[in-house]
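User: I've got a model open and I'd like to learn how to read it. Can you walk me through it one feature at a time?

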Amino acid sequence: MPDAARASMTQATGTTASPTTGPGAARRRGRPRLPHLTLNDDGQPHPVENSLSVFTLVAGLVACVLGFLAYQHVSGAWTHVGATWLGLITLIVGLPAQLYSATRTERMLIVTGLVAAFVGVCLGLAHGGLLP
């Protein structure tokens with residue numbers, strides 16, 4: 001009998017133990033386990049790819065917000081410049097990052113950031129362009 005099967009058998013009856021009974025059952029019935037959020041779905045560390053994907057997401061969202069602020073004319077004249085330049089930098093960083101990404105989660109963040117950066121660039125160009 002394999003050791004894993006032997007460990008799950010109770011000594012008294014010889015049957016398998018259910019998850020709600022047996023040793024350690026109180027520990028299993030405790031707090032519900034929160035999902036573990038990670039960008040490394042494959043179990044390998046990817047620090048460069050992770051940082052590129054997080055940068056693409058954050059910078060793309062900031063460019064998109066700046067683009068919408070330029071669209072609404074609620075802030076100064078420099079929002080279109082910030083949206084356009086930050087969006088272009090994000091596109092330049094994010095497109096190669098998409099090629100180098102190793103996991104599905106990284107690719108999801110990168111694509112979300114690229115779409116937001118593209119929207120920010122388009123709104124920035126439509127409302128003033130690269131220069132003030």
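Analyst: Sure, let's start with the vocabulary: helices (H or I, at least four residues) and strands (E, at least two) are DSSP runs, numbered from the N terminus. Here the elements of the protein chain run α-α-α-α-α from the N terminus on, which comes to five helices and zero strands. This is a predicted model, where local features need pLDDT of at least 70 and side-chain atom pairs count only at pLDDT 80 or more, while totals for chains, interfaces and linings use all residues. Residues are numbered from 1 along each chain as its sequence is written, and side-chain values use heavy atoms, with hydrogens and water left out.

User: How do I read the packing of α3 and α5?

Analyst: Two packed helices are described by the angle between their axes and the distance between the axes. Axes are lines fitted to C-alpha atoms, for helices over the stretch in contact, and angles run from 0 to 180 degrees between N-to-C directions. In this model, α3 and α5 (residues 104-126) pack at about 25°, with axes 7 Å apart. That makes α3 roughly parallel to α5, a label for angles under 35 degrees (over 145 is roughly antiparallel, 65 to 115 roughly perpendicular, the rest oblique). Contact means heavy atoms within 4.5 Å; among the residues making it are Gly60, Cys64 and Gly67 of α3 and Gly113, Ala117 and Gly120 of α5.

User: Is Cys64 buried or exposed?

Analyst: Buried means under 20% relative accessible area, exposed over 50%, and partly exposed in between (1.4 Å probe, protein chains only). Cys64 is buried, because its relative accessible area is 15%. Cys122, at 34%, is partly exposed.

User: And how many disulfides does the structure hold?

Analyst: A disulfide is a covalent bond between the sulfur atoms of two cysteines. The cut-off used is a pair of cysteine sulfur atoms within 2.5 Å, and the structure holds zero disulfides.

User: Which residues does Thr79 touch?

Analyst: Not counting residues up to four places away in sequence, Thr79 touches Leu66, Leu69 and Ala70. Thr79 is found in helix α4 and is buried, with a relative accessible area of 12%.

User: Where is His73?

Analyst: His73 is in the loop between α3 (47-72) and α4 (79-100). His73 is exposed, since its relative accessible area is 62%. Its C-alpha atom is separated by 9.2 Å from that of His127, 54 residues apart along the chain.

User: What share of the chain is buried?

Analyst: Buried residues make up 28% of the 132 residues.
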